[in-house]
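Subject: Structure handover

Hi,

Here is the structure for you to pick up. Please load it first, then read the notes under it.

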Amino acid sequence: FLASLFPKALVVALEPAQDNFDLLRRNTAGCKSIVPVQAGVWDKSTWSKIVDAKAESFAYQTMECGAVEPGAIAAVAVPGLLARYPDAAPLLVKIDVEGAEEVIFRGDPLWPSKFPLLIVELHDWLLPHRRTIANFLACVSRMPCDFVLRGENVFIFTRAERAEDVGAPRSD
């Protein structure tokens, strides 16, 4: 969908689970502007694994395993992805990670401000009393941005143009 909307854009699509990654590759075959990457997203480069392989394919959860072990999947941090594609200008990031937002947003607090739009599905309801959105809220509360809640997604429209704007008082 994004590749058709923005034909000159580079779309980097991460999917850790093998069955979903196979579907991603089939769905994007022949589209040179989409780079499928079999990996999860984390706050650092590490290894992760699927917690419950018997879950529905849209509901897999991951956890860090820290070392290569059977079933281990690479996990990357968003700043690392941005460094891997230095000529790409970030436009949006869509995050639906079944609770791993707890980890993704605990790392580098500046990467979200590089995207004009973040779309995040939050999962506190799925993991009660774990405060999986606490790091997300701490991170985006420092950014000049607007929030729009639509269904299960939060759309965060950032207004920071420079990393040093993050944490600056809002002027409006």
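Below is what turned up, from the overall fold to single residues.

Overall

Please keep in mind that this is a predicted model. The protein has five helices and 10 strands. Its radius of gyration is 16 Å, close to the 16 Å that the globule rule gives for 172 residues, so the protein is as compact as a globular protein of that length. Along the principal axes, the C-alpha atoms fill a box of roughly 50 × 40 × 30 Å. Of the 172 residues, 37% count as buried.

Sheet with β3, β4, β5 and β6

This is an open sheet of four strands. The order is β3-β6-β4-β5, with mixed pairing. The edges are β3 (40–42) and β5 (62–64). Each has a single partner strand, so one side of each is left without a neighbour in the sheet. From one strand to the next, the twist averages 45°.

Inside the sheet, β4 (residues 46–50) and β6 (residues 73–77) run antiparallel. Three bridges join them. If you want a register point, take Ser-48: it stands opposite Ile-73 in β6.

Sheet with β7, β8, β9 and β10

Here, too, four strands form an open sheet with mixed pairing. The order is β7-β8-β10-β9. At the edges stand β7 (92–95) and β9 (145–150). Both have a single partner strand, so one side of each lacks a neighbour in the sheet. The twist averages 15° from one strand to the next.

β9 is joined to β10 (residues 153–158) by six bridges, and the two strands run antiparallel. For the register, Phe-147 has Ile-156 in β10 as its bridge partner.

Salt bridges

Side chains of opposite charge can pair when their charged atoms come close. How many salt bridges does the whole structure hold? The search finds four. Three of them are described here, among them Arg-106 with Asp-43.

- Arg-106 and Asp-43: the closest N and O atoms are 2.8 Å apart. This pair links distant parts of the chain, 63 residues apart. Arg-106 is in the loop between α4 (101–104) and β8 (117–121), and Asp-43 is in the loop between β3 and β4. Arg-106 is partly exposed at 44% relative accessibility. Asp-43 is also partly exposed, at 21%.

- Lys-44 and Glu-64: the N to O distance is 3.2 Å. Lys-44 sits in the loop between β3 and β4, and Glu-64 in strand β5. The two are 20 residues apart, and the pair links distant parts of the chain. Lys-44 counts as partly exposed at 38% relative accessibility. Glu-64 counts as partly exposed at 26%.

- Glu-102 and Arg-130: the closest N and O atoms are 2.6 Å apart. Glu-102 lies in helix α4 and Arg-130 in the loop between β8 and α5 (134–141), so the pair ties together parts that are 28 residues apart in sequence. Glu-102 has a relative accessible area of 22%, which makes it partly exposed. Arg-130 is partly exposed at 43%.

Surface patch

Which residues make the nonpolar surface patch of about 500 Å²? They are Phe-1, Leu-2, Leu-5, Phe-6 and Leu-91. Leu-2 lies in helix α1 (residues 2–5). Leu-2 is partly exposed, with a relative accessible area of 31%.

Backbone points to check by eye

Two residues other than glycine come up here for positive phi, Glu-98 and Arg-131.

Phi of Glu-98 is near 50°. Glu-98 is placed in the loop between β7 and α4. Is Glu-98 buried or exposed? It is buried, because its relative accessible area is 10% and the limit for buried is under 20%.

Phi of Arg-131 is about 55°. Arg-131 is found in the loop between β8 and α5. Arg-131 is exposed, with a relative accessible area of 61%.

Over to you.

Best wishes

Terms used. Residues are numbered from 1 along each chain as its sequence is written. This is a predicted model: local features need pLDDT of at least 70, side-chain atom pairs count only at pLDDT 80 or more; totals for chains, interfaces and linings use all residues. Side-chain values use heavy atoms; hydrogens and water are left out. Two strands pair if DSSP finds at least two bridges between them. Axes are lines fitted to C-alpha atoms, for helices over the stretch in contact, and angles run from 0 to 180 degrees between N-to-C directions. Patches are made of residues with over 30% relative accessible area and no salt bridge: like charges are joined within 9 Å, nonpolar side chains (Val, Leu, Ile, Met, Phe, Trp, Tyr) within 5 Å. Accessible areas come from the Shrake-Rupley method with a 1.4 Å probe; for residues, only the protein chains shown count as cover. A salt bridge is a side-chain nitrogen of Lys or Arg within 4 Å of a carboxyl oxygen of Asp or Glu. Buried means under 20% relative accessible area, exposed over 50%, partly exposed in between (1.4 Å probe, protein chains only). The radius of gyration is taken over C-alpha atoms; the globule rule is 2.2 Å times the number of residues to the power 0.38.
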